[in-house]
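Student: I am new to this structure and would like a close look at a single part of it. Could you walk me through the open sheet and then show me what surrounds it?

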Amino acid sequence: MIAELGHFALVLALGLAIIQGGVPFYGALRNDERLEAVAAPAALTQFLLVGLSFAALMHAYVVSDFSVLNVAENSNSNLPLLYKITGVWSNHEGSMLLWVLILALFGALVAAFGNNLPIKLKALVLSVQAWTAIAFLIFILATSNPFLRLDTPPLEGQDLNPVLEDIGLAIHPPLLYLGYVGCSISFAFAVAALIEGRIDAAWARWARPWTLAAWMFLTVGIAMGSYWAYYTLGWGGFWFWDPVENASLMPWLAATALLHSAVVMEKRDALKIWTILLAILAFSLSLVGTFLVRSGVLTSVHSFASDPTRGIFILVILCIFIGGALTLFAWRAGTLAPGGLFAPISREGALVLNNILLSAAAATVIVGTLYPLALETLTGIKISVGAPFFNLTFVPLVVPLLFIMPFGPMLAWKRGDIYAAAQRLMLAFGITLAADVVIADIAGVPSAFSIFGIWLGLWLVGGAISEIAFRVKLGTTPLAESWRRAIGLPRSAFGTALAHAGLGLTVIGIIAATTWGAESIRSMKPGETLELSGYALTLDGFVQHHGPEYDETTVRFSVRHGGALSGIMEPSKRTYADRQTSTSEAALKTVWLSQLYISLGDIAADGTTTVRVYWKPVVTLTWLGAIVMALGGLMSLSDRRLRVGIPKSARRSSPPAVAPAE
Amino acid sequence: MKRRGRKQRRLLLIGVAGAVLCVAAGLVLYALSSRIAFFDSPTDVVTHQLPPGTRIRLGGLVAQGTLVKQPDGHVRFDVTDGRTSIAVSYQGLLPDLFREGQGVVAEGAIGRDLSLNADTILAKHDERYMPKEVVDALKASGRWQETANAPAGNAVTGPPMNITPPVTQ
């Protein structure tokens, strides 16, 4: 009964989305405010209905209603409650429903908090948002209905895939989807602007917070997925250049470029056409990502061809939205007035260079992800594009981007002075170079690139600190004056600095863990000791444990550092009888920012165990950096001036359009 | 005056963008021409008599009864497509799902006598999924049974991987 309610709610949501996509749009074309006003309540109700539907599916999972096919296939009554709930989006149907729920959520947020948007723009934005919702609601109802019933319900469900029984499933997909789908709002804003034929700095101010929010979620979502893969796959790696990962990296790169170009548009009324194009591309790449993951095309182009309904359906959605938006762009972009002039050496110029490099880097990821698929579809030739490809293409484009990053915020708008900027960065340059030399002296130099990479990371952090120091005139005025200035500084300035410094931390983490790390593989008998990077790991023994669905063999290691016991690590192997699979659970020990990592191979009958141990110096910075980046985004988002329509603070004397903020 | 400034700046912008794109395209083409490991079946390796040192991805089944594990962590096994077998040697941990009779993709360099020194081993992910190269190789050699081995069409939402991670040396 409740499952049917969920199904009906979804159908109702589709009906409402059709109204929301049609009536306000017609109203906007005819300038009829009464019709335009339909958009907001429709968006809110649509969110309510999709939410009801999602709650119904979740209820079926929580009470283990195995008469629902989706529950029977992906859950089990023995699962802990957390995995029953996360099981909802562990599968194709449920995750598409989550996708649409988040789409509706963003629509509802615009409806609820967009009170200061011009009513026509708001109506158009919500209409475009509804078109996306219509497409995906039809997709779910026609090809991926999660509420299908079974005639003869089984007594027990088939269980959740053991790899997915992890807290990571609770965190990673929802965050990633918030990021993916969040891009739909900037897309809707872009299409609305093209339809209206009017675009100005105010548009950027309205659209940018949504982009910023989506970007934050995408950043954290990607980082959490990376950490999940790192600890669960037992391989010690955290980024594999797998197409599924690239699918999330492509929209992230586009959204990052969009954030920066929208700043130019907001402050200087320039780069308008390019910003619109980026907004379209960012969401297009999200759709491509959804298509890649959901169509089965990655498993095999042949499996895509043998069960084509879903894949073809998403492909059609993809073509309509991307093709439609780009056609609209080609048709209408010419009508948008060109923006302000600026010298090549200026804040705008730096941001343009940022955009060029980011776009080129994104293009290499797109080629590396799609070219093997295209080649196999067209010629049947199979190639594998992995880390070597991306090291050769992506990295050379990102390195100059990282190098110039600290210069950007130091340059003035319109016409900047590169020498003055370089002078302000001299101190940071000197200190980071000295720190780099010290690190090389202490830790050794595995390769020239690794020591250069660490410097790049330090340089980003140093540059971010220098920027704040310069803006508060640290050292050139009395400390009290600097403090007063720091308080007066817009939050978005701290946001920029935090985000840039966070990227620096991520760079340091990646380079240190991949080039300074150590690893060792050995067969060990109980009582034997393995030494790695100053740690001595002794295999103490085995503990058998019978879990609800699996049998687990835990191997106890005592870890000694400098002779003193510093901890116990317990990696394990689980055997799932029902699914005839086994998984290895790695053990991690965090020492400051670094990690010791043990994963198990085979355990022979006589207790001889194949053990793989990694030492990953400052590896946690890789993910902590991403969190710092997102905090930077949050800081920027909390800046009053970004929130549309909130009365300007009376304290602030300078007009907001002049003060630099990003 | 102002008009000329705009034109010059636009030219500069196009120049820089073009240059970066050219560099990117050049890098992509270079990477695609040189570093991609092509996929081969054991029969391909024998028929083409690939020279030692060639990097390949070899796909097939782990031949029954050929797996030998040495105490130092060294592993030897044969990969077969039903017609031809290639001996593979590998140092390191095998993936959880590595078993005799199951699909495998081994990546590495051809040694002497057409053997393979693998540095990466990929095994199939779960009971329903098999690396697509293996499926195709088995189909090509006529050993594919559609119902028994059909790969799952949709990958589940999971850690961003659809195959068991390669265990790199």
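Tutor: Happily! In this predicted model, four strands of chain A form an open sheet in the order β2-β11-β10-β9, with antiparallel pairing. Strands here are DSSP runs of E with at least two residues, helices are runs of H or I with at least four residues, and both are numbered from the N terminus; two strands pair if DSSP finds at least two bridges between them. At the edges stand β2 (518-524) and β9 (587-591) of chain A, each with a single partner strand, so one side of each is left without a neighbour in the sheet. From one strand to the next, the twist averages 15 degrees, with axes being lines fitted to C-alpha atoms and angles running from 0 to 180 degrees between N-to-C directions.

Look next at β2(A) and its partner β11 (residues 609-616) of chain A: seven bridges join these antiparallel strands. Opposite I521(A) you will find R612(A) in β11(A).

Now for the surroundings. Chain A has 21 helices and eleven strands, and its domain assignment, which is automatic or from a database, gives domain 1 (1-165), domain 2 (186-404), domain 3 (406-516 + 622-642) and domain 4 (519-616). The centres of domain 1 and domain 3 of chain A, taken over C-alpha atoms, are 42 Å apart.

Of the 662 residues in chain A, 54% are buried, meaning that 20 or more other C-beta atoms, placed from the backbone, lie within 10 Å of a residue's own. A nonpolar core is a set of buried Ala, Val, Leu, Ile, Met, Phe, Trp, Tyr and Cys residues joined through C-beta atoms within 7 Å. The largest has 196 residues, of which V100(A), F189(A) and A254(A) touch the most other members. Helix α9 (residues 201-232) of chain A gives the most to this core, with 20 residues. Beyond neighbours within four places in sequence, F189(A) is in contact with V125(A), W203(A), W206(A), A207(A) and A279(A); contact means C-beta atoms, placed from the backbone, within 7 Å.

A few notes for reading along: residues are numbered from 1 along each chain as its sequence is written, while chains are lettered from A and ligands numbered from 1 in the order in which they are written. In this predicted model, local features need pLDDT of at least 70 and side-chain atom pairs count only at pLDDT 80 or more, whereas totals for chains, interfaces and linings use all residues.

Methods:
Buried ≥ 20, exposed ≤ 12 C-beta atoms within 10 Å, placed from the backbone. Contact = placed C-beta atoms within 7 Å.
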